[in-house]
Amino acid sequence: MADTSDTRTPAQIEADIRRRRETLAETLDEIGVRVHPKTIVGDARAKAVAQVDHTVGRAYVQVNRVVTDVRGRFVNEDGSPRLERVVPVALVVVGVVGLLALGARRRGR
């Protein structure tokens with residue numbers, strides 16, 4: 001036997017059905033937007049951009065640490081250069097550039 005203990009009026013039942021249909025329509029619209037190809041591509045693009053931003057940010061922090069470390073090795077706390085470290089490095093750089101210039105000059109002949 002069917003349970004007939006529902007005391008709602010037909011108008012109340014129709015109103016409940018109307019609200020349920022509106023809720024289902026909204027849900028279907030949302031699902032349609034989520035599975036649309038443009039939405040999927042946009043979400044993938046946003047994730048890729050976020051990952052690149054995160055990677056670039058980490059790289060920036062790392063480079064900043066290296067620059068600060070190098071600066072600490074070649075500059076005193078008061079900002080003056082440490083000549084005992086700058087002069088040998090400058091001589092090595094000049095020597096390497098000279099050797100490269102000589103090598104390029106000999107290859108050109």
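**A tour from one surface patch outward**

Begin by selecting Leu28, Ile31, Val35 and Ile40, which together make a nonpolar surface patch of about 390 Å²; such patches join nonpolar side chains (Val, Leu, Ile, Met, Phe, Trp, Tyr) within 5 Å, from residues with over 30% relative accessible area and no salt bridge, that is, no side-chain nitrogen of Lys or Arg within 4 Å of a carboxyl oxygen of Asp or Glu. Areas come from the Shrake-Rupley method with a 1.4 Å probe, and for residues only the protein chains shown count as cover.

This is a predicted model, in which local features need pLDDT of at least 70 and side-chain atom pairs count only at pLDDT 80 or more, while totals for chains, interfaces and linings use all residues. Residues are numbered from 1 along each chain as its sequence is written, and side-chain values use heavy atoms, without hydrogens and water.

Next, keep Ile40 alone: its relative accessible area is 47%, so Ile40 counts as partly exposed, the class between buried (under 20%) and exposed (over 50%). Ile40 lies in helix H2, residues 37-74, where helices are DSSP runs (H or I, at least four residues; strands are E, at least two) numbered from the N terminus.

Now show the whole chain, which has three helices and zero strands. Its C-alpha atoms fill a box of roughly 105 × 45 × 25 Å along the principal axes, and 2% of the 109 residues count as buried.

Finally, colour the surface by atom type: the accessible surface comes to about 10,100 Å², and 62% of that belongs to carbon and sulfur atoms.

Note on methods
Patch = residues over 30% accessible without salt bridge, like charges linked within 9 Å, V, L, I, M, F, W, Y side chains within 5 Å. Buried < 20%, exposed > 50% of the residue type's maximum accessible area, 1.4 Å probe, protein only.
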